[in-house]
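Got the viewer open? Let's take a walk through this one, one selection at a time.

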Amino acid sequence: MIPVIIGCTFLIYAMVFALPGNPAEGRCGDRPCPPSYVAAFTKEYNLDKPLLVQYALYMGNVVRGDLGNNFYGNPVTHELAIRFPTTIKLALMAITIEIAIGISAGIVAGIRHGKFLDNLVTVSTLVVISIPVFVLGSLAQLIFGVKLGWFPVTSLKGTFYELIMPAFVLASVSLAYVARLMRTNLVENLRSDYVRTARAKGLSRGRTVGVHTLRNSLIPVITYIGIDLGALMGGAVITERIFNINGVGNFLYRSIHQKDGVAVVGTITCLVLIFLLANLVVDILYGVLDPRISND
Amino acid sequence: MTDLSNKDLSRDAVVPLQVDAASGPEEVLPQPSASTGARSLGAGAWRELRRRPMFWISLALMLLFILMAIFPQLFTSKDPAFADLNKARQKPSSEALFGYDSQGYDVYARTVYGARASISVGILATAFSLIFGSLVGIIAGYRGGWLDSVIGRIAEIFLAIPLLLGGILFLYTFPNEIDTPFWIAVGKVALVIAILAWPTITRLMRSSVLQVKPNDYVQAARALGASPGRIITSHILPNSLASVIVVSTINLGVFISTEAALSFLGVGLQPPVISWGNMISDASGIGLIRVAPHMLLFPSLFLSLTVLSFIMLGDVVRDALDPRLR
């Protein structure tokens with residue numbers, strides 16, 4: 001875990017700060033920066049020191065909650081802190097949708113294995129997986145926002161109601177994967193010996209599925225949801241851009257276009273750290289769900 | 001087993017690729033067991049595949065789009081770089097099947113020509129990650145020891161960076177400019193995707209090497225004096241190729257979609273390169289969607305169909321190769 005954190009953050013840092021090209025470039029708009037500014041910037045971010053020392057100093061600051069200052073001279077930590085509540089709200093809504101609809105669709109398909117509902121779920125999830133998030137987002141805006149007028153087209157304030165449509169769009173692809181994964185696991189487990197034994201000793205179908213099979217089938221799905229958080233973060237950049245949500249993803253998008261290296265590194269470092277921690281939590285949860293797996 | 005139930009059993013899920021990464025050495029795919037010869041498995045899979053309409057549909061779509069990427073002139077006689085501002089945002093008509101975009105470009109012509117960039121990125125990224133990933137995976141699995149651990153740790157680091165975020169970061173550092181030549185721009189995006197995606201292939205390859213290596217016939221070959229190169233090419237590769245190719249086919253679809261997302265965000269391919277991601281990016285924005293939805297719909301349709309054809313093909317072939325069905 002620790003080596004992976006160090007490796008990742010180093011890679012991210014080195015990508016922006018160690019490569020040829022001036023990291024201070026673009027901090028002064030379209031004009032080249034005056035030498036005095038470059039000197040101050042170099043000093044502030046220790047760019048004259050060897051890479052490893054630079055990185056260590058940067059990480060020291062990160063641990064103390066300092067991600068540097070962005071283009072406008074505001075601390076990146078502050079910029080992120082005011083935007084995180086909206087993004088977290090969006091992500092939680094998306095994960096809830098993903099779990100609720102994805103898992104139930106998977107269960108329905110798994111139980112009705114080979115029947116019409118199963119085919120419907122497998123084919124429709126394949127279609128959803130193939131449509132990129134930004135296409136889905138724009139289509140949702142067109143249909144539900146403009147044509148039908150059910151939901152607001154953009155979500156400036158980030159209220160619950162405004163975030164419903166973006167959350168569905170963000171959840172769509174993962175939802176399809178969750179449904180397929182759930183279905184495969186359920187079908188596989190329903191064919192296993194312990195289910196046959198449970199049925200043979202007279203347990204009802206509801207009990208075999210609900211108690212015995214479901215818990216086993218959920219384990220890979222939970223792992224997937226942990227890993228999927230990474231995809232969700234990438235998706236959030238796109239979704240927040242489309243729906244103009246003032247969240248972390250939109251901040252990252254704007255920082256990229258302003259060539260604000262400090263903000264880009266800070267935001268991505270922060271997101272990757274959250275991703276890794278979430279997966280640590282999933283690993284721990286894993287042992288709780290399945291006693292066969294120990295966390296020693 | 002009746003025909004019907006056989007078909008039902010075989011429709012497995014597109015298992016999300018990264019699940020494999022987290023759950024360690026288990027594979028996404030059931031490996032062909034050592035006792036089944038590669039040929040009989042291949043023949044059986046082919047017999048299985050021939051009966052599936054999904055296979056033929058996805059194959060036909062895939063070939064159509066690849067043909068479009070190689071010879072766009074076959075599909076349209078119009079020049080995708082010719083713009084007539086008078087016709088900006090005109091709706092589809094008999095003159096222009098898909099209408100005109102904001103600059104007065106013919107949307108159909110640009111959609112056809114856009115196939116080349118998108119599919120090239122997908123194929124190149126798949127090829128890079130396939131070659132590098134398998135090579136590293138074979139070395140890790142075959143040599144074992146400290147080298148294996150080091151490769152494993154490095155793969156873990158790259159896996160921990162989400163594809164899209166990593167792509168944004170890398171392309172932020174090496175941006176494509178307006179004057180970047182076509183193939184350099186395409187190669188750069190493909191390379192960035194491959195850098196982030198190789199560990200999946202490496203893990204798959206490593207685990208299949210570990211599975212095949214202890215078999216008696218491999219030991220026998222080694223006792224007879226076969227070199228590691230020969231053992232790898234004639235014993236290990238045939239056993240693992242099927243699963244790696246299936247995963248790569250699905251990846252190809254995912255990569256095309258990733259390229260489009262990166263271009264949409266403005267860090268992937270830049271105009272004047274024509275790509276579906278760029279076209280969709282130009283067409284999005286609520287004002288435009290309201291007045292000219294055709295600008296968005298047609299490139300999106302082509303993009304989705306291409307991604308669908310690759311993912312569906314990989315899915316169907318995976319089912320056919322699954323030995324549990326026979």
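Start by selecting helix 7 and helix 9 of chain A: helix 7 passes helix 9 in a right-handed crossing. Keep in mind as you rotate the view that this is a predicted model. To pick the pair out, take residues 160–190 of chain A for helix 7 and residues 205–242 of chain A for helix 9. Look along the pair and you'll find an angle of about 160° between them, with the axes 9 Å apart. Angles over 145 degrees count as roughly antiparallel, so helix 7 of chain A is roughly antiparallel to helix 9 of chain A.

Now colour that contact by residue type. What do the residues between helix 7 and helix 9 of chain A divide into? You should see 16 nonpolar, 8 polar and 1 charged.

Keep helix 9 of chain A selected and bring chain B into view. Helix 9 supplies 11 residues to the side of chain A that touches chain B, the largest share of that side. Next, show the whole contact between the chains: 51 residues of chain A meet 48 residues of chain B. Which other helices should you light up on the chain A side? Helix 7 is one of those that supply at least two residues each. Add helix 1 (2–17), helix 5 (116–130) and helix 6 (133–147) of chain A, then go on to helix 10 (248–257) and helix 11 (261–289) of chain A, which also give at least two residues each. Colour this side of chain A by type as well, and it splits into 37 nonpolar, 12 polar and 2 charged residues.

Time to zoom out. Hide chain B and switch chain A to cartoon: there are 11 helices and 0 strands, so to speak an α at every stop from the N terminus on. The C-alpha atoms of chain A fill a box of roughly 80 × 55 × 30 Å along the principal axes. Chain A has 296 residues, and 41% of them count as buried. If you draw the contacts in chain A between residues at least 6 apart in sequence, 72% of them join residues at least 24 apart.

Last stop: swap to chain B. The cartoon here gives you 13 helices and 0 strands, and reading along the sequence you meet α elements throughout. Of the 326 residues in chain B, 50% are buried. Draw the chain B contacts with a separation of 6 or more, and residues 24 or more positions apart account for 75% of them.

How values were computed. Residues numbered from 1 in each chain as written. Chains lettered and ligands numbered in written order. Predicted model: local features only at pLDDT ≥ 70, side-chain atom pairs only at ≥ 80, totals over all residues. Axes fitted to C-alpha atoms, helices over the stretch in contact; angles between N-to-C directions. Helix = DSSP H or I, 4+ residues; strand = E, 2+ residues; numbered from the N terminus. Parallel < 35°, antiparallel > 145°, perpendicular 65-115°, else oblique. Left-handed = near helix turned anticlockwise from the far one by under 90°. Nonpolar A, V, L, I, M, F, W, Y, C, P; charged D, E, K, R; others polar. Contact = placed C-beta atoms within 7 Å. Buried ≥ 20, exposed ≤ 12 C-beta atoms within 10 Å, placed from the backbone.
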